[in-house]
Amino acid sequence: MFHEANAIEAMAINIRFSEPVGSLLMKKIISELEHSTSRAGLIDKRPLQGFQVNLANPGEVKPVASGAMAFQKTSLERDREGQVQSILASQIEAQATHFTYQTWRYSKWTSELATVLEILLSALKIATQSVALGSIRLEYLDRFYFEGEPSEAVVNNLLRADSGWIAPHVFEAPDLWHSHTGKFVDVAEDRRKLLLVNADFQDLTGPDPHLHGRRSLQLMTAAEERFADQGYEVTSESVESFLSSTLNDLHGKAITVFKEVMNNDFRIQQGLPHD
């Protein structure tokens, strides 16, 4: 597995609005996030630029200020050669169209949910005064790598051939492959859930000589609550309970799909899934 404790390379939560937040309100949101991210240890901030394309002059692209901001937390870690490196641990990206929380140091679900609520709740209360929610998405990226010769790597003992989430050809594929599947569930008039499983068999690249060239399985499992075109309106008083219950529900859906995808013996032996 990618880590000793679990296979999670990254986790992301994306909260998208039904329409962009206005520029004045966006300034208030950024100001609020400066306080909440600092308290949570995300002390580095980086403005995010947009781009303007001049249709009258093909090829001319200019960077423009977007009012968006990324708040980041880094950690110092030693690599296998003993060199100290600064590693991006977590990030909040705030744009007029969405908020995104990403972590590359996943601990456990209850801790991650508490962090998201601590950082984003006040900013969400400001945003939802003028815009509705368009979608809420939870995404896990798990990675497994094979320590032997790449040509000998197979996934038959890692993935279930009968899950329905993985294309059947991959279990006989002689080389690298992709399998991307998804479906809508719990369809209602005002919302529907989208479940996704993207599996990619690839060779790792990068500076780490221990992992470079290793054959790897990257498994993305996502659960997303999509609301109707007009979005879902929440009040300031109900944002916390609504976001918490929705994310817990998406977490449960993602865990269920993960269990359906993974070989049961391997999952139990390694103490998976994410809990």
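**Salt bridges, worked through**

At 10% relative accessibility, Arg215 counts as buried. Keep that in mind as you go through this predicted model.

**Exercise 1.** Find out which residue forms a salt bridge with Arg215, and say whether Arg215 is buried or exposed.

*Solution.*
- Start with the partner: Asp203 pairs with Arg215, and their closest N and O atoms are 2.8 Å apart.
- Next, place the two: Asp203 sits in strand 8 and Arg215 in strand 9 (residues 215-227), so the bridge ties together parts that are twelve residues apart in sequence.
- Now check exposure: buried means under 20% relative accessible area. Arg215, at 10%, is buried, while Asp203, at 33%, is partly exposed.

**Exercise 2.** Work out which parts of the chain the salt bridge between Glu34 and Lys45 ties together.

*Solution.*
- Look at the contact: the two side chains meet at 2.6 Å, N to O.
- Then locate the ends: Glu34 belongs to helix 1 (residues 23-39) and Lys45 to strand 2 (residues 44-53), so parts eleven residues apart in sequence get tied together.
- Finish with accessibility: Glu34 has 31% and is partly exposed; Lys45, with 48%, is partly exposed.

**Exercise 3.** Trace which residues are linked with Asp186 in a network of salt bridges.

*Solution.*
- Begin with one pair: the side chains of Asp186 and Lys253 meet at 3.8 Å, N to O.
- Asp186 is in the loop between strand 7 (177-185) and strand 8 (191-203), and Lys253 is in helix 3 (residues 239-261), so this bridge joins parts 67 residues apart in sequence.
- Widen the view: the network links Asp186, Lys193, Glu225, Asp249 and Lys253.
- Over the whole structure, a search turns up 14 salt bridges.

Terms used. Residues are numbered from 1 along each chain as its sequence is written. This is a predicted model: local features need pLDDT of at least 70, side-chain atom pairs count only at pLDDT 80 or more; totals for chains, interfaces and linings use all residues. Side-chain values use heavy atoms; hydrogens and water are left out. A salt bridge is a side-chain nitrogen of Lys or Arg within 4 Å of a carboxyl oxygen of Asp or Glu. Helices (H or I, at least four residues) and strands (E, at least two) are DSSP runs, numbered from the N terminus. Buried means under 20% relative accessible area, exposed over 50%, partly exposed in between (1.4 Å probe, protein chains only).
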